[in-house]
Amino acid sequence: MLLVLLLAACWGRGVLSGNPPGPAVHSLRGRWWLGSGNGSVVLRGDVPGCVHTALLRQGLIQDPYYRFNDLTYRWISLDNWTYSRTFKTPFDVSKWQKVNLVFEGVDTVAQILINNVTVGRTDNMFNRYSFDITSVIKEVNFIEVRFLSAISYGAKQSRSHRAYSVPPQCPPPVQKGECHVNFIRKEQCSFSWDWGPSFPTQGIWKDVRIEAYNLCHLIYFTLTPSYVKSAQQWSLEIESVFDVVSSKPVVGLVTVNIPKLQTQQTYTTELPPGEARIVLLVNISKSTTVQTWWPSGHGNQTGYDMTTTFNMGAGYKIEKFSKAYFRTVELVEEPIPGSPGLSFYFRINGLPIFIKGSNWIPADSFQDRVSSDILKLILQSTVDANMNALRVWGGGVYEQDEFYDICDELGIMIWQDFMFACALYPTDQNYLESVRAEVTHQVKRLKSHPCIILWSGNNENEAAIAGNWFSIPQDKMKVYILDYVKLYVKNIQEIVIAEDKSRPYITSSPTNGKESVKERWLSQNPYDTHYGDTHFYDYLSDCWNWTVYPKTRFASEYGFQSWPSFSTLEKVSSTEDWSYTSNFSLHRQHHAAGNNQMLHQAGLHFKLPQNTDPLKLFKDTIYLTQVMQAQCIKAETEFYRRSQSEIINGEGHTMGSLYWQLNDIWQAPSWASLEYGGKWKMLHYFAQHFFAPLLPVGYEDDGVLYIYGVSDLHSDCELTLQVTLHRWSSMEPVCTLAKEGVTLKAGSAAPIYKEPINDLLKRCGNCTRQSCVVTFYLMGKGELHGPGNYHFLSSLKDAVGLEKAMLSATISQQGDLYAFVLQTTAVTPFVWLDVGNIQGRFNDNGFLMTEKRKVVVFYPWEPVSIEELEKSLSLTSLMDIY
Ligand code: BMA
């Protein structure tokens with residue numbers, strides 16, 4: 001019967017019989033022409049790409065990141081550029097029912113012409129555009145993409161929004177940016193941010209191609225797993241969206257094959273003309289064991305090869321090869337005994353998971369430079385630092401497919417914001433339609449990725465209204481509240497629910513989750529520690545003092561700035577820039593008072609560098625800002641991790657810590673732990689420790705030293721805790737106490753040691769707070785152990801007995817790795833190995849060295865020799881900067 005139907009479908013096509021089975025695809029990547037508005041500049045422009053990188057490649061401009069070039073090259077973004085080229089259609093256009101011009105991404109406002117006929121317009125960088133060019137395309141064609149400056153467009157849109165203003169108008173002057181970015185659907189930080197420059201790019205930033213087809217064409221193909229508890233069975237929903245050009249329904253056969261799960265199923269389908277969506281449910285045989293996908297540190301990231309074959313008749317066959325992943329995600333918001341409010345944590349495959357990681361921003365102002373190598377390097381560094389999650393922050397871009405592929409493979413959970421940040425947004429019809437298309441497209445594009453565990457409406461816009469950041473008079477507030485609900489609830493949430501029921505959605509970050517919903521989507525205080533997530537920044541209070549931190553349910557942003565290393569800055573600066581107060585240093589700092597805040601925070605616990613050699617002083621200051629940042633975020637993260645299993649004064653049960661921010665967009669001071677290019681700052685090495693699956697955390701409360709054991713492991717374990725006191729002035733430990741039989745429960749944090757500091761000091765060879773330091777260590781059987789940790793009993797500026805150590809290293813090659821044997825003559829805080837521009841990372845760095853000898857391993861990211869390493873190596877420790 002089925003066969004008969006299929007045959008009928010083929011015959012039914014009548015006039016088209018004999019046509020090639022489709023589709024035919026012709027890429028338009030590669031060489032285009034690029035011209036400025038008045039035609040005075042004409043050059044080659046590669047696609048995908050943008051105007052800035054084209055000018056750079058042709059040698060028409062210098063490195064845009066060099067010194068003050070972000071200001072020098074403002075003219076580029078103010079001009080209206082045109083991309084054009086001719087192309088030959090490599091197929092007989094008359095043989096195809098439909099020919100589309102498909103852009104995976106246009107940045108941003110453009111008019112598209114083929115053979116002088118306007119075939120479409122774009123206004124949203126995040127949308128995918130498909131224009132029907134069937135009647136326009138010839139054998140030889142001329143295509144033009146005429147851009148309008150994003151800055152002019154933003155200003156124009158803002159001007160025509162007459163009824164009321166939509167703030168902010170402009171970024172703060174310290175950011176040296178452009179205005180009205182909230183009026184254009186473009187990477188919001190491209191008009192500048194508090195860590196990034198203003199480079200409002202223009203260009204064709206993703207793939208562009210011609211697609212020709214008959215009958216029908218597959219546009220989206222997505223997989224969503226679900227676990228049916230009652231049946232104890234996994235199933236996989238396959239959604240396919242087709243453009244059906246045949247005037248009659250297209251009948252076909254779909255076969256799904258997942259060999260490793262012994263699953264093969266065949267379905268008949270009937271696609272109606274127009275846009276047709278088919279949803280197939282594949283039940284995985286109960287007799288096979290399905291290996292679930294786990295976040296890094298919790299298990300494997302198993303995926304199953306799967307082939308889906310669509311036989312749509314007339315030899316029209318589409319084969320899709322994909323990976324099927326199985327995992328569940330729940331965002332648990334429920335009452336907690338002894339605490340007002342609700343929990344806020346993620347359960348993956350039924351298991352509560354503490355989220356450890358950071359916030360991702362765009363890796364470059366010019367997206368075409370974000371190569372697969374860069375993505376791999378940064379994401380590998382993420383898991384190498386024991387992180388299991390990243391938040392793709394709402395002021396950047398929905399990242400490229402490969403980003404999510406790598407996260408799937410590495411087990412990095414993604415909290416995915418929609419791209420709205422720190423602003424109010426218009427909601428007029430055109431704007432909303434553009435957003436609706438964007439959201440629909442992005443959810444369809446991304447929803448097959450198991451790494452994504454949450455959709456989130458925006459960054460800080462609930463907080464912006466609740467805290468009235470833009471000083472809106474109370475009687476005018478209503479319209480903004482209505483707009484907020486319209487955008488993030490009535491549009492974005494509605495689409496997300498329709499497109500993807502397999503993941504939670506929250507409207508904003510920070511938010512109070514269900515409590516925000518109850519308060520009609522806008523909580524009075526979205527930073528409430530009893531609900532949802534919080535963002536927390538405090539640069540003035542002493543960051544070693546944990547009592548300043550919010551005992552929140554989930555810390556999704558918190559951070560401190562530091563300067564990137566000298567080798568990174570050197571590439572974009574010249575001699576006269578190399579001081580902390582140079583024009584360059586002021587220019588690169590986009591956060592008001594940022595440079596002073598770093599010194600203030602560092603000064604609370606460290607003497608500031610005093611060297612009379614200006615260059616040495618600059619390098620020492622950079623080093624100290626990194627020490628400060630690493631110590632501060634260590635203190636804060638350890639506080640969040642140790643707060644996971646307790647409720648104190650109604651607060652606690654913290655189940656996530658994502659510090660601000662993982663990576664950098666350029667070479668400048670920022671909150672990042674990875675420098676532009678991927679070099680690890682001291683913070684990133686610290687993260688490896690403070691995110692370790694098994695961690696001892698020390699802190700003081702009311703003169704009592706507590707050590708908590710924190711475990712992300714899946715089973716309870718028995719360990720020995722070793723607590724040691726060291727005198728700053730001696731390499732011999734003063735005393736050591738070993739506490740055996742310490743049991744740590746799976747997935748929890750609990751006190752394992754408690755002693756008044758005075759008792760400890762007396763017990764241990766008459767130490768004082770200033771003369772000694774506490775170190776501690778957890779070890780179990782076999783490989784099981786945590787990283788060493790320490791607790792300072794006084795500020796290091798008050799430490800007594802610290803000596804300037806003689807620090808040396810001998811380097812030897814061991815296979816692909818290099819061993820650095822370090823030797824020191826005194827207890828050495830914050831030992832820092834820096835090999836300048838040599839790409840790679842150490843297995844440990846920035847550590848407190850209490851032993852005479854320590855072996856550190858260097859993992860190079862590029863071929864390197866011992867000689868090069870020796871030449872580039874600099875060793876710094878705290879006492880070297882005085
Ligand atoms: C947060 C972020 C960013 C910003 C960071 C540091 O609130 O969402 O907007 O870069 O603070 O100020």
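Let me start with a twist. The link of Cys735 and Cys764 is left-handed, with -60° about the S-S bond. This pair joins distant parts of the chain. Cys735 is in strand 36, which spans residues 733–744. Cys764 is in the loop between helix 17 (757–763) and strand 38 (772–779). The two cysteines are 29 residues apart. Their sulfur atoms are 1.4 Å apart.

Keep in mind that this is a predicted model. So how confident is the predictor? The mean pLDDT of the chain is 96. Of its residues, 98% reach 70 or more. The weak spot is at the start: over residues 1–17 the pLDDT is below 50. Beyond near neighbours in sequence, that stretch has 17 contacts in the model. Helix 1, residues 2–12, has the lowest mean pLDDT among the elements of the chain, at 31. At the other end of the scale is strand 25, residues 413–417, with the highest mean, 99.

Now a word on annotation. The unreviewed UniProt entry carries "domain: Glycoside hydrolase family 2 catalytic" over residues 346–569. What does the chain look like over residues 346–569? It is 35% helix and 16% strand there. The C-alpha atoms at the two ends of that range are 39 Å apart.

Back to the cysteines. How many disulfides does the structure hold? Four. A quick reminder: a disulfide is a covalent bond between the sulfur atoms of two cysteines. Number the bonded cysteines in sequence order, and the pairing reads 1-2, 3-4, 5-6, 7-8.

I left one cysteine out of that numbering. Cys407 is in no disulfide. The nearest cysteine sulfur is that of Cys451, 5.0 Å away. A disulfide needs sulfur atoms within 2.5 Å, so Cys407 and Cys451, at 5.0 Å, do not count as one. Is Cys407 buried or exposed? Buried, with a relative accessible area of 0%. Cys717 also counts as buried, at 9% relative accessibility.

Let me take the bonded pairs one at a time. We have met Cys735 and Cys764. Cys735 is buried, with a relative accessible area of 18%. The cut-off for buried is under 20%, so 18% puts Cys735 in that class. Cys764 is buried too, at 0%.

Next, Cys767 and Cys772. A disulfide joins them, S to S 2.0 Å. This link is left-handed, with -75° about the S-S bond. Cys767 is buried, with a relative accessible area of 6%. Cys772 counts as buried at 1%.

Then Cys170 and Cys179. Their sulfur atoms are 2.1 Å apart, and they form a disulfide. Which hand does this link have? It is right-handed, with 105° about the S-S bond. Is Cys170 buried, exposed or in between? Partly exposed, at 39% relative accessibility. Cys179 is partly exposed as well, at 22%. Buried means under 20%, so Cys179, at 22%, is not in that class.

On to the rings. The structure holds 67 aromatic pairs. I will show two. Trp469 and Phe470 form an edge-to-face pair. Their centres are 6.4 Å apart, with 75° between the planes. Trp469 counts as partly exposed, at 36% relative accessibility.

The other is Trp563 with Tyr580. This pair is tilted: 6.1 Å centre to centre, 55° between the planes. The pair links distant parts of the chain, 17 residues apart. Trp563 is in the loop between strand 29 (555–558) and helix 12 (566–570). Tyr580 is in the loop between helix 12 and helix 13 (583–588). Both Trp563 and Tyr580 are buried.

Some rings join up. Which residues do ring pairs link into a cluster? Phe536, Trp546, Tyr549, Tyr558, Phe639, Tyr640, Tyr699, Tyr706 and Tyr708.

Last item: charges over rings. Arg588 lies over the face of Trp666, at 3.7 Å from the ring centre. The charged end of Lys607 sits over the ring of Tyr882, 5.7 Å from its centre.

That is the tour. Questions, please.

Terms used: Residues are numbered from 1 along each chain as its sequence is written. This is a predicted model: local features need pLDDT of at least 70, side-chain atom pairs count only at pLDDT 80 or more; totals for chains, interfaces and linings use all residues. Side-chain values use heavy atoms; hydrogens and water are left out. UniProt positions are given in the numbering used here, feature names are shortened, and annotations may be inferred rather than shown by experiment. Helices (H or I, at least four residues) and strands (E, at least two) are DSSP runs, numbered from the N terminus. pLDDT is the predictor's confidence in each residue, from 0 to 100. Contact means heavy atoms within 4.5 Å. Buried means under 20% relative accessible area, exposed over 50%, partly exposed in between (1.4 Å probe, protein chains only). Rings of Phe, Tyr and Trp (its six-membered ring) pair if their centres lie within 6.5 Å; planes under 30 degrees apart count as stacked, over 60 as edge-to-face and the rest as tilted. A charge sits over a ring if NZ of Lys or CZ of Arg is within 6 Å of the ring centre and within 35 degrees of the ring normal.
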